[in-house]
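Work through these exercises with the sequence and the model side by side. Try each task before reading its solution.

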Amino acid sequence: MSTRRDFMGMALGGFTAVGAIGGLYAAKRTWDPLPSVKAAGSTIIDLSEAKEGEPMTEKWRGKPIFVLKKTADMPAHERDVVVDGARYHVSIALCTHLGCIPAYKKADQTFFCACHGGVFDTSGINLPGLPPPSPLEIPPFAIEGNTLVLGSEGPEYLEMKKNNLIV
Ligand code: FES
């Protein structure tokens, strides 16, 4: 008798466990963002299209992004993103003073903010004595082959973050 009761108890426990696992799996599938939502958080930039000295303006999560492939005469900086031996300046193209969008001045090799005269060099560093209080911000990025994936925190980005170079 007790053997039958044991068997019934174990069977019921087993059904309950399977049901609970199934419920958790269904809940996880419901909570996980859809692939389309995950993809919306990333921007993939093909660096093979970059021309030296001519910034590309991309968009990531509604924000403008500068990607400038540096020429040999532009100073190297620890904020540079190095891909296949080439140096890139990558930043969120919003002035750190009050958020205007700076424009690249090729002749001066600077990003100039017309709102209040802020100036950033080709590494996104704000020139002293002007309104912007800090460098242009570097967005999260990961390097994948010859592409940049914005919105992903790759090892190079994490290293910059650790060294307080992001802003
Ligand atoms: S918003 Fe750029 S200098 Fe003020």
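**Exercise 1. Place His97: where is His97 found, and how exposed is it?**

Step 1. Find the loop between β5 (86-92) and β6; His97 is in it. Strands here are DSSP runs (E, at least two residues), and helices are DSSP runs too (H or I, at least four residues), numbered from the N terminus.

Step 2. Note the ground rules. This is a predicted model, where local features need pLDDT of at least 70 and side-chain atom pairs count only at pLDDT 80 or more, while totals for chains, interfaces and linings use all residues. Residues are numbered from 1 along each chain as its sequence is written.

Step 3. Count neighbours. A residue is buried if 20 or more other C-beta atoms lie within 10 Å of its own, exposed if 12 or fewer, and partly exposed in between, with C-beta atoms placed from the backbone. His97 has 18 C-beta neighbours inside 10 Å, so His97 counts as partly exposed.

Step 4. List its contacts. Two residues are in contact if their C-beta atoms, placed from the backbone, lie within 7 Å. Leaving aside neighbours within four places in sequence, His97 contacts Cys113, His116, Gly118, Pro131, Pro132 and Pro133.

Step 5. Check one distance. His97 and Asn126 are 29 residues apart along the chain, and their C-alpha atoms are separated by 10.0 Å.

**Exercise 2. Describe the partners of β7: which strands pair with β7, and in what sense?**

Step 1. Recall the rule: two strands pair if DSSP finds at least two bridges between them.

Step 2. Start with β6 (residues 103-105). β6 and β7 pair in the antiparallel sense over 3 bridges. Tyr104 stands opposite Phe111 in β7.

Step 3. Look at the turn. The hairpin of β6 and β7 has 4 residues between the strands, and Gln109 takes a positive phi near 55° there.

Step 4. Move to β8 (residues 118-120). β8 is joined to β7 by 3 bridges, again running antiparallel. Phe112 has Val119 in β8 as its bridge partner. In this hairpin, which also has 4 residues between the strands, Gly117 takes a positive phi near 80°.

Step 5. Read the faces of β7 (residues 110-113). Phe111 and Cys113 point to one face and are buried. Thr110 and Phe112 point to the other face and are not buried.

**Exercise 3. Find the strand order of the two open sheets: which strands stand at the edges?**

Step 1. Take the sheet with 3 strands. Its order is β1-β10-β9, with antiparallel pairing. The edge strands are β1 (43-46) and β9 (141-144), each pairing on one side only. Neighbouring strands are turned by 25° against each other on average, direction ignored. Axes for such angles are lines fitted to C-alpha atoms, for helices over the stretch in contact, and angles run from 0 to 180 degrees between N-to-C directions.

Step 2. Add detail. β1 and β10 (residues 147-150) run antiparallel and are joined by 4 bridges. Thr43 stands opposite Leu150 in β10.

Step 3. Take the sheet with 4 strands. The order is β2-β3-β5-β4, and the pairing is antiparallel. β2 (56-60) and β4 each have a single partner strand, so one side of each is left without a neighbour in the sheet. The twist averages 30° from one strand to the next.

Step 4. Check one pair. β2 and β3 run antiparallel and share 5 bridges. Thr57 has Phe66 in β3 as its bridge partner.

**Exercise 4. Examine the largest nonpolar core: which residues touch the most other members?**

Step 1. Define it. A nonpolar core is a set of buried Ala, Val, Leu, Ile, Met, Phe, Trp, Tyr and Cys residues joined through C-beta atoms within 7 Å.

Step 2. Name the members. Of the 22 residues in the largest core, Ile65, Phe66, Val67, Tyr88, Val90, Phe141 and Leu150 touch the most others. β3 (63-69), β4 (81-83), β5, β8 and β10 each supply at least two residues. β3 gives the most, with 4 residues.

Step 3. Inspect Phe141. Phe141 lies in strand β9. Phe141 is buried because 25 other C-beta atoms lie within 10 Å. Its contacts beyond four places in sequence include Val81, Val90 and Tyr157.
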